Structures are given as structure tokens and as C-alpha cells.
Amino acid sequence: MDLSTTIAGVRFPSCFMNASGALCVTREELLALGRSCAGAIVTKSMTVEPRDGNSTPRYYGFSGGSINSMGLPNLGYRAYAELIPELKRLGKPVIASVAGLCEDDFPTIAAMIDAAKPDLIEVNLSCPNIPGKPQIGYDAEASERLLKRVRKVITVPMGVKLPPYFDPAHHSAMGAVISRCGVDFLNLINSVGNGLVVDPEREVVVIKPKGGFGGLGGSIIKPVALANVRAFWKIFEGRMPIIGTGGVVNGVDAFEHLLCGASAVQIGTVLVEEGLGVFRRLETELTEQLDKKGYKKLEDCRGKLKEL
Ligand code: RRO
């Protein structure tokens with residue numbers, strides 16, 4: 001089965017790729033993604049200066065998913081800018097994920113990383129884990145200001161990684177912002193911010209930063225991810241490419257994202273838990289599912305979710 005897909009005019013050899021944050025901080029990790037079956041190389045969200053991130057333990061995997069408070073550990077944009085030409089030689093698209101510790105950082109990093117010519121830039125408006133800094137994506141005005149500034153300084157397609165929204169009013173408010181900012185694709189969703197996992201035996205939290213609060217990922221967030229993919233697919237009437245991220249553990253989960261309107265699917269928790277072999281497994285499982293359902297290619301099921 002051909003699982004290739006196109007987002008904002010860029011062709012991906014497979015619809016599966018890493019979610020930013022999962023095995024994509026160091027040069028070695030990024031090169032390994034390039035050599036794997038993944039359909040793209042997505043970098044860790046980058047800041048101006050290199051960062052060690054929050055104190056450990058800062059990731060915890062459990063049966064239903066994961067909780068993390070990594071705190072943006074990354075090499076700094078200069079290192080990623082230098083790496084991009086080498087990564088591009090591996091024959092798949094490179095997505096540079098841009099973050100920042102303040103609003104001004106975003107256009108600074110975006111301009112510099114754009115000069116290194118990644119295939120696409122993803123603007124992360126949804127890191128939940130920097131103590132004292134709210135997720136920008138929950139502030140519509142700040143999001144609009146920032147996206148308009150970034151759009152002006154980049155030449156490659158610009159995507160936005162959004163946090164989950166839990167009310168249609170918030171989907172439509174952000175949809176209106178997105179439509180005014182020259183956004184080329186959406187990535188939905190980042191982790192469900194500031195959850196809390198408790199170990200009842202030891203009567204203690206499971207990660208150290210922020211008193212144990214952190215971003216939830218994995219199976220437990222799939223319905224939230226699907227809802228956000230579907231809500232934005234409808235708002236943009238299928239005309240905005242969407243990367244579905246959240247809760248994809250097997251091929252059927254990916255199929256559900258495609259039905260809701262995703263053009264590609266990113267893998268976070270289960271990539272961390274299972275390693276790079278996850279991409280081959282998911283490709284096999286999604287192919288089986290599409291065959292079983294009589295679909296000949298991805299586009300045939302995209303957005304085709306039925307309502308009662
Ligand atoms: O590094 C992190 O703590 C982190 C980031 Br930037 C993000 O966007 N989402 C997440 O779950 N963790």
C-alpha cells in the first residue's frame with residue numbers, strides 16, 4: 001500500500017513520523033530517524049540557547065500513556081540550523097519545530113532556521129512545561145501576534161502545533177486566528193497539559209518538576225486528539241492539511257485520525273516506549289486496516305467519518 005502523503009505541497013514517503021520531543025533532540029537521534037521507516041524527521045522544539053531542561057525524573061510511561069515535563073531540553077537553534085543540510089540528505093522532509101521562552105524568540109529563531117531551509121516549520125504554541133509560562137495557544141491574541149510576526153520572516157510552509165481545546169468556542173476562536181495568519185498546516189494536538197499521575201502505593205507523584213504536573217500523551221488522550229482534528233477539519237472544510245498527533249498506538253488508531261481528517265500522523269509516547277521499529281509496525285497495521293476496509297489509498301478515507 002502507498003502510504004505516502006502530501007502536506008502543504010511537500011511529499012512525505014510515509015504518513016507516519018515522530019512527534020516533536022520523541023527521540024529527536026540530538027544529532028544521533030535525528031540521523032536515526034532519517035535512517036528509519038519514518039516519513040519525516042521532526043526536530044525537538046528549539047530555543048535560542050541550548051537547554052538541559054527540567055530536573056529528572058521528567059518522563060513516566062504507564063499502561064495508558066505517559067506524562068512528561070521535559071522543559072524544552074534542546075541543542076539551541078544554531079546547532080539545528082547546522083544539522084539541517086545533513087538531515088535533508090537522508091531523503092525525507094525535515095520539519096523544524098520552533099519554540100521560545102518569550103514572544104520575541106519565535107521570529108528570531110524562525111528567521112535563522114528558515115535560512116537553513118527545512119522543508120517545513122512547525123511553530124509550537126503549546127509547550128505546557130515551562131514553570132510560570134502559560135501555553136501561548138490558550139491566548140488567542142498572543143497567538144495571532146506571534147504567528148503574524150513569524151509568517152513575515154519565513155519562506156517555507158508554516159504549521160502550528162496547537163494545544164488541545166475542549167470547547168467549540170475555543171476551536172472557532174483559534175480557527176479565526178489561524179485563517180488570518182497565513183498558516184499552511186496544523187498539528188493537533190500537543191500533550192494534554194498539566195495532568196497529574198499518582199503512584200498510590202508510594203503515595204507520591206511520578207515526575208519531579210512542577211510538583212508532578214505534566215503533559216499527558218498516549219492512548220488516554222486519543223479521543224481528545226481526534227476531537228481536535230475533527231473540529232478543525234470541519235472549520236476549514238477539509239482545506240487545511242492536518243497532522244494528527246495523540247494516542248496513536250496501532251494502525252487502527254492511525255486510521256481513526258485519517259477518518260477525522262488527518263493527512264499524516266505523528267507518534268510520541270509509543271515511539272519513546274517501543275523505539276524506531278514502531279514505524280514499520282504501524283505501516284504494516286495501517287496497510288492491513290485499509291485493505292480490510294477496501295481503501296486503495298490514504299486520501300480515499302481522509303475526513304470520511306460518518307455522523308449518526
Ligand atoms: O519539552 C517539553 O517539556 C514539552 C514540549 Br516543548 C511540548 O511542546 N510538549 C510536551 O509535552 N513537552
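This is a short talk between a colleague and a modeller about the pockets, the ligand and some backbone details of a predicted model.

Colleague: What kind of model is this, and what limits apply?

Modeller: The model is predicted; local features need pLDDT of at least 70, side-chain atom pairs count only at pLDDT 80 or more, and totals for chains, interfaces and linings use all residues. Residues are numbered from 1 along each chain as its sequence is written, and side-chain values use heavy atoms, with hydrogens and water left out.

Colleague: What makes a space a pocket and not a cavity?

Modeller: Both are sets of points on a 1 Å grid over the protein atoms alone. In a cavity a 1.4 Å probe fits but cannot get out; a pocket is an open set with protein on both sides within 12 Å along at least five of seven lines. The largest pocket holds about 840 Å³ of space. A volume is the space filled by probe spheres set on the points, which are joined across faces, edges and corners.

Colleague: Which residues line the largest pocket closest to its centre?

Modeller: Ser20, Ala22, Asn68, Gly268 and Thr269, out of 49 lining residues. Lining residues have an atom within 4 Å of a point. Helix 8 gives the most, with 4 residues. Helices (H or I, at least four residues) and strands (E, at least two) are DSSP runs, numbered from the N terminus.

Colleague: How do you know that the ligand has a pocket, and which one is it?

Modeller: A molecule sits in a pocket if more than half of its atoms lie within 2 Å of its grid points. The space taken by the ligand is the largest pocket.

Colleague: What makes a residue part of the ligand's surroundings?

Modeller: One of its heavy atoms must lie within 4 Å of the ligand. Lys44, Asn68, Met70 and Asn190 are among the residues that surround the ligand.

Colleague: Why is the pair between Asn68 and the ligand called a polar contact?

Modeller: A polar contact is a pair of N or O atoms within 3.5 Å; within protein, one must be able to donate a hydrogen and the other to accept it, and residues adjacent in sequence count only if both atoms are side-chain atoms. A polar side-chain atom of Asn68 lies 2.9 Å from an oxygen atom of the ligand, so the pair meets the limit. A polar backbone atom of Gly71 is 2.8 Å from a ligand oxygen. For Asn190, a polar side-chain atom is 2.8 Å from a ligand nitrogen.

Colleague: What is there to note in the backbone?

Modeller: Most peptide bonds are trans, and most residues other than glycine have a negative phi. The bond from Thr56 to Pro57 is cis, with omega near 0°. Pro57 lies in the loop between strand 4 and strand 5. Leu188 and Ile189 are also joined by a cis bond, with omega about 10°. Ala8 has a positive phi, near 50°.
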